Amino acid sequence: DWQLRLENGEPVVLCVLNERRETATKRVCLPVADAPKSMYEILEAMALIIEAERPGKKCSILLVDPESRQITVGAGPSLPEEYNRAVEQLMIGPCVGSCGTAAFWNERVIVEDIQNDPLWTNLKAEAANAGVAACWSHPVVSESGQMLGATALYCPEPCVPTQQELDGLTAAARMFGLAIERSYAELASIPLK
């Protein structure tokens with residue numbers, strides 16, 4: 001949930017994350033001057049918040065062009081630029097890593113060991129170079145169900161996600177979907193000159 005509030009007399013952008021493991025609400029504040037302005041800046045800020053809540057994990061958001069079905073990196077702030085370039089312009093489909101497959105099937109995809117999973121056959125070297133060994137992906141869809149992309153959490157070692165981590169991934173995908181859909185709606189309302 002993103003809100004604009006005054007804190008100590010200064011306007012801030014507030015992100016409130018509710019975690020099921022605790023009843024406490026965690027808040028992350030950004031000064032308005034530092035508030036993200038473009039969709040990509042918003043997605044990057046959101047990915048960094050997800051990572052801060054899950055130490056050791058890396059978050060990415062991939063966008064899918066509805067017509068070409070090509071992948072564009074929306075955010076991957078902690079992944080190496082070489083990795084982000086490697087997935088840019090791939091077509092979604094089965095065996096296109098976790099996110100490409102999640103977007104293709106519109107299903108959550110859990111890969112516990114990238115180096116030994118057939119979904120990653122064509123991206124194993126890139127994953128190893130990026131220092132990621134497990135990837136859990138969830139499709140990102142609009143409120144109407146349109147495929148927008150996929151989000152992922154990456155782990156540095158092969159591992160199995162907990163139910164809490166899967167619930168967090170589902171919630172993050174919903175948040176990202178709302179942010180992307182809102183950005184697209186705002187872009188559509190801007191008259192072209």
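Begin by selecting E81, which lies in helix α2, residues 81-87; helices here are DSSP runs of H or I with at least four residues, strands are runs of E with at least two, and both are numbered from the N terminus. The model is a predicted one, in which local features need pLDDT of at least 70 and side-chain atom pairs count only at pLDDT 80 or more, while totals for chains, interfaces and linings use all residues. Residues are numbered from 1 along each chain as its sequence is written, and side-chain values use heavy atoms, with hydrogens and water left out.

E81 has a relative accessible area of 48% and is therefore partly exposed; buried means under 20%, exposed over 50%, and partly exposed in between, with a 1.4 Å probe and protein chains only. Add A130 to the selection: its C-alpha atom is separated by 9.0 Å from that of E81, although the two residues are 49 apart along the chain.

Next, display the sheet. It is open, has five strands in the order β5-β4-β8-β7-β6, and its pairing is antiparallel; two strands pair if DSSP finds at least two bridges between them. The edge strands, β5 (71-75) and β6 (109-111), each pair on one side only. From one strand to the next, the twist averages 25°; axes are lines fitted to C-alpha atoms, for helices over the stretch in contact, and angles run from 0 to 180 degrees between N-to-C directions.

Now select strand β8, residues 147-155. Nine of its nine residues are buried, so the strand is largely enclosed by the rest of the structure. Strand β4 (residues 58-64) pairs with β8 in the antiparallel sense over six bridges. Within this pairing, I61 stands opposite T151, and K58 has Y154 as its bridge partner.

Two helices may then be shown against the sheet. Helix α1 packs on it, touching β4, β5 and β8, and the direction of α1 makes about 150° with that of β4; contact means heavy atoms within 4.5 Å. Helix α3, residues 97-105, also packs on the sheet, where it touches β4, β5, β6, β7 and β8, and its direction makes about 150° with that of β8.

Return to α1 and colour its buried residues, among them M39, L43, M46 and I50.

Finally, select strand β7, residues 134-141, which pairs with β8 in the antiparallel sense over eight bridges. C135 has Y154 of β8 as its bridge partner. β7 and β8 form a hairpin with five residues between them, and G145 in the turn has a positive phi of about 95°.
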